[in-house]
Amino acid sequence: MESKEWSSGVWTQLTAVRRQSPLVQCITNLVSMDLVANTLLSAGASPAMVHSVAEVPDFTPHIHALCVNVGTLTPDWLPSMKAAAELAAQLGKPWVLDPAAVSCSGFRLKACLELVELKPSVIKGNGSEIIALSGSASQCQAKGADSSHESTEAIEAAKSLALSSGAVVAVSGAVDIVTDGKRVIGVHNGTKMMQKITATGCSLAGLVAAFLAVDPLQPLEATVSAMSVFGIAGELGEELANGPASLRMHLIDSLYGLDETTVLSRVRITRLG
Ligand SMILES: Nc1ncnc2c1ncn2[C@@H]1O[C@H](COP(=O)(O)OP(=O)(O)OP(=O)(O)O)[C@@H](O)[C@H]1O
Ligand SMILES: Cc1ncsc1CCO
Ligand SMILES: [Mg+2]
């Protein structure tokens, strides 16, 4: 299946997000909150940055999807992430794990491995994060939030993590990789300058949650669509931008304004395996 066959599905899912406006609970890092929320709003979804463990029993039953991101994890935050993830999974609501900067400490790696046990629908990381989380790194390396691997270097790690966890695994980068352990899909949208805006990957994880909310039975397709849409918004944004700060603004505007003709002509998705 090539871009042409994927593109109508991408448009259908974006339209469903706009129509249904799914409520997406985000327990995300402090750096990313603003961009994640604005990305979700411009895509048509409804973000809610509800973090407290005290609020999970009341709030989480009403959401349509959850996004958990450990980018600025402290021991105080972990119980609410676990409680929300556990409840979401119990209620059959899709949830996304972003293991941001997972290899920067043993504490964070252990927390992420415990979260993986709570059955995320999708795990979305960059190349280094997926390699570390899958246990493929030869040793625990102190890495920050940026990837030191190409996404394509993480294909085997992503497949193995997908098979061991039951989640769809997405690796962001120059080519976004999405796999359920059997199929491997490459999304070739996006632009290099997106790496120069912090939290684009976190925002993508939030967007994946919104797409899962409207098509929970097709997590691989929903993830591929979200990645393509976000990448296209970045490409259009870059045409209007002077640098990362204005790209941030134009990316949001472009996502908001995406129309059918643009989506159908810009989607670049291929099967890699
Ligand atoms: N070299 C590149 N060429 C084209 N697009 C890219 C490139 N690098 C990143 N992107 C785009 O940026 C998006 C975010 O990917 P990235 O790998 O930078 O996330 P991340 O490292 O998790 O970011 P963060 O941790 O800051 O949130 C990708 O899905 C892709 O669309
Ligand atoms: C810069 C940074 N540090 C921890 S999380 C984060 C945002 C990108 O993941
Ligand atoms: Mg990231």
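The exercises below work through the surroundings of two ligands and one helix residue in a predicted model.

**Exercise 1.** Describe the shell of residues around ligand 1, by proximity, by class and by secondary structure.

*Solution.* Begin with the residues themselves: ligand 1 is surrounded by 19 of them, and the closest are Asn 126, Asp 176, Ala 199, Gly 201 and Cys 202. Next, sort this shell by class, which gives six nonpolar, ten polar and three charged residues. Then turn to secondary structure, where strand S5, spanning 122-126, and helix H8, spanning 200-214, are each found to contribute at least two residues to the shell. Of these contributions, the one from H8, with four residues, is the largest share.

**Exercise 2.** Identify polar contacts made by oxygen atoms of ligand 1, and state how much of the ligand the protein buries.

*Solution.* Take the side chains first: an N or O atom in the side chain of Lys 124 lies 3.1 Å from an oxygen atom of ligand 1, and a distance of 3.1 Å is also found between an oxygen atom of the ligand and an N or O atom in the side chain of Asn 126. Continue with the backbone, where a polar atom of Cys 202 is 2.9 Å from an oxygen atom of ligand 1. These distances qualify as polar contacts because the cut-off for a pair of N or O atoms is 3.5 Å. Finally, consider the area: ligand 1 on its own exposes 630 Å², of which the protein buries 91%. As for its location, ligand 1 sits in the largest pocket.

**Exercise 3.** Determine which residues surround ligand 2, and how far the protein covers this ligand.

*Solution.* List the neighbours first, namely Asn 29, Val 31, Gly 71, Ala 145, Thr 198 and Cys 202. With regard to area, ligand 2 has 280 Å² accessible on its own, and the protein covers 70% of this. Classifying the shell then yields three nonpolar and three polar residues, with no charged residue. To place the ligand, note that the space it takes is the largest pocket.

**Exercise 4.** Is Val 263 buried or exposed, and which residue lies 31 positions away along the chain with its C-alpha atom 7.5 Å from that of Val 263?

*Solution.* Locate the residue first: Val 263 belongs to helix H11, which covers residues 260-266. Its relative accessible area is 1%, and Val 263 is therefore buried, given that the cut-off for this label is under 20%. The second part is answered by Ile 232, whose C-alpha atom is 7.5 Å from that of Val 263 although 31 residues separate the two along the chain.

Definitions and conventions: Residues numbered from 1 in each chain as written. Chains lettered and ligands numbered in written order. Predicted model: local features only at pLDDT ≥ 70, side-chain atom pairs only at ≥ 80, totals over all residues. Heavy atoms only, no water. Near = heavy atom within 4 Å. Areas by Shrake-Rupley, 256 points an atom, 1.4 Å probe, with all protein chains shown as cover. 1 Å grid on protein atoms, 1.4 Å probe; cavity = no way out; pocket = protein on both sides within 12 Å on 5 of 7 lines; lining within 4 Å. Sits in = over half its atoms within 2 Å of the grid points. Nonpolar A, V, L, I, M, F, W, Y, C, P; charged D, E, K, R; others polar. Polar contact = N/O pair within 3.5 Å; in protein donor to acceptor, adjacent residues only side chain to side chain. Buried < 20%, exposed > 50% of the residue type's maximum accessible area, 1.4 Å probe, protein only.
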